[in-house]
Amino acid sequence: MEVMKAAVFTDVGKIEIKEIEKPVPQKGEVLVRIKACALCTWEQRIFKGVSRVPFPYIGGHEISGVIEEIGENVDEQRWKVGQKVAIRILRSCGECHYCRTGANNLCEMIGKEGEELRLPYPGLGGLSEYLVVPPTKLFKLANDIPFEIGALSEPLACVIHSVERANIELGDDVVIIGAGVMGLLHVMIAKIRGARVIVSEINAERQKLAKQLGADEIINPLEKDPVEEVKKLTEGRGADVVINTTPVSKVAETTVQIAGKRGRVIFYSSQHPDYPIQISPDWIHRSEIVITGSVSPDITDFYRATKLLSSKIVNPQLLISEIVPFEKIEEAFRKATDPQNYRIVVQL
Ligand SMILES: [Zn+2]
Ligand SMILES: [Zn+2]
């Protein structure tokens with residue numbers, strides 16, 4: 001039995017590098033050497049104990065790597081050793097109600113990735129040196145883009161899903177609340193969709209980066225009421241689209257109030273803690289606004305994300321604060337949870 005290294009959460013605030021069995025590709029599988037894993041807010045919440053998982057647990061799902069070995073019965077014209085790839089780790093069984101109705105991001109098997117990946121512990125497995133996956137989970141990346149950029153395929157795909165849910169049209173007034181990594185990716189994609197982008201953000205550094213990435217207007221909600229400011233910018237109508245990328249329930253109420261008639265409101269971020277909010281049902285009736293969520297990317301979103309990165313139509317380089325070697329995984333998590341930083345990418 002060959003072994004490989006994997007970073008395993010063993011308790012709140014504790015992550016250790018352990019040796020586990022290196023998987024061997026079976027029929028219809030490809031062995032990928034993982035080269036980069038970006039540390040998502042979700043893993044940061046596991047590290048901080050905000051989100052609960054059974055320990056030990058292998059995190060990591062924003063990954064890129066290179067094909068190292070190809071099992072039998074894999075199309076060798078399409079998949080070659082040495083090809084850079086991103087992996088969509090989420091399960092999509094193809095058999096359940098959601099997979100069969102075009103919502104494979106809501107597949108009933110999501111959460112059971114560890115068993116499919118044949119890992120010794122539950123988790124998404126991205127913080128390990130190797131993964132075996134069927135080619136349906138593989139997405140080619142151009143060989144000339146760096147692994148750390150390729151690792152952002154997953155978060156970019158999440159944002160593409162959100163923008164699709166919002167159905168952003170040319171010239172729409174789109175308000176993005178929060179300019180962290182997710183908010184800033186929304187800025188980039190909303191601009192590509194031809195929107196006027198209005199960002200609500202309190203932090204001056206983040207405001208600056210939002211501008212640099214194409215935001216047309218910036219509102220500081222500590223200085224000015226964002227509902228009134230958006231009205232001023234839209235001849236009193238309110239926004240066509242509002243996307244909340246913050247986990248704060250207080251902001252959730254404002255999110256709905258910013259939308260104008262026929263507005264689409266997207267709750268992009270999970271909410272911590274998840275307090276109920278007040279919404280006027282009569283306003284929903286009169287305005288025809290649509291309030292919805294966005295969770296995880298479907299297969300098409302993921303494919304589009306890898307195409308946008310490979311063709312360099314989207315370059316999220318400025319959203320990577322630091323690349324940290326695998327051996328310093330705990331330090332990487334400490335850095336990732338520092339609100340000054342954007343994405344921290346672990347190099348495996
Ligand atoms: Zn993520
Ligand atoms: Zn399914």
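The following legends describe three close-up views of a predicted model.

**View 1. Coordination of the zinc ion (ligand 2) by Cys 93, Cys 96, Cys 99 and Cys 107.** Each of these residues donates its SG atom, and the donors lie at 2.3 to 2.4 Å from the metal, with a spacing along the sequence of C-x2-C-x2-C-x7-C. The angles subtended by the four donor atoms run from 102 to 117 degrees, and the arrangement is therefore tetrahedral, since that class requires all angles to lie between 85 and 135 degrees. Among the donor residues, Cys 93 is partly exposed at a relative accessible area of 31%, whereas Cys 99, at 15%, is buried.

**View 2. Coordination of the zinc ion (ligand 1) by Cys 40, His 61, Glu 62 and Glu 154.** The donor atoms are SG of Cys 40, NE2 of His 61 and OE of both Glu 62 and Glu 154, at 2.2 to 2.8 Å from the zinc ion, and the donors are spaced C-x20-H-E-x91-E along the chain. Cys 40, in the loop between strand S3 (30–38) and helix H1 (41–48), and Glu 62, in strand S4 (residues 62–70), are 22 residues apart, and the pair links distant parts of the chain. Because the four donor atoms subtend angles of 84 to 172 degrees, the arrangement around this ion is irregular. Cys 40 is buried, with 9% relative accessibility, and Glu 62 is likewise buried, with a relative accessible area of 0%.

**View 3. Surroundings of Thr 234, in the loop between helix H7 (226–233) and strand S11 (239–244).** Thr 234 has a relative accessibility of 0% and so counts as buried. When neighbours within four places in sequence are set aside, Thr 234 is in contact with Asp 173 and Arg 196.

Definitions and conventions. Residues are numbered from 1 along each chain as its sequence is written. Chains are lettered from A and ligands numbered from 1 in the order in which they are written. This is a predicted model: local features need pLDDT of at least 70, side-chain atom pairs count only at pLDDT 80 or more; totals for chains, interfaces and linings use all residues. Side-chain values use heavy atoms; hydrogens and water are left out. Donors are N, O and S atoms within 2.8 Å of the metal (3.2 Å for Na, K and Ca); water is not among the atoms, so sites may look incomplete. Four donors count as tetrahedral if all angles lie between 85 and 135 degrees; four count as square planar and six as octahedral if opposite donors are over 155 degrees apart and all others between 65 and 115; anything else is irregular. Buried means under 20% relative accessible area, exposed over 50%, partly exposed in between (1.4 Å probe, protein chains only). Helices (H or I, at least four residues) and strands (E, at least two) are DSSP runs, numbered from the N terminus. Contact means heavy atoms within 4.5 Å.
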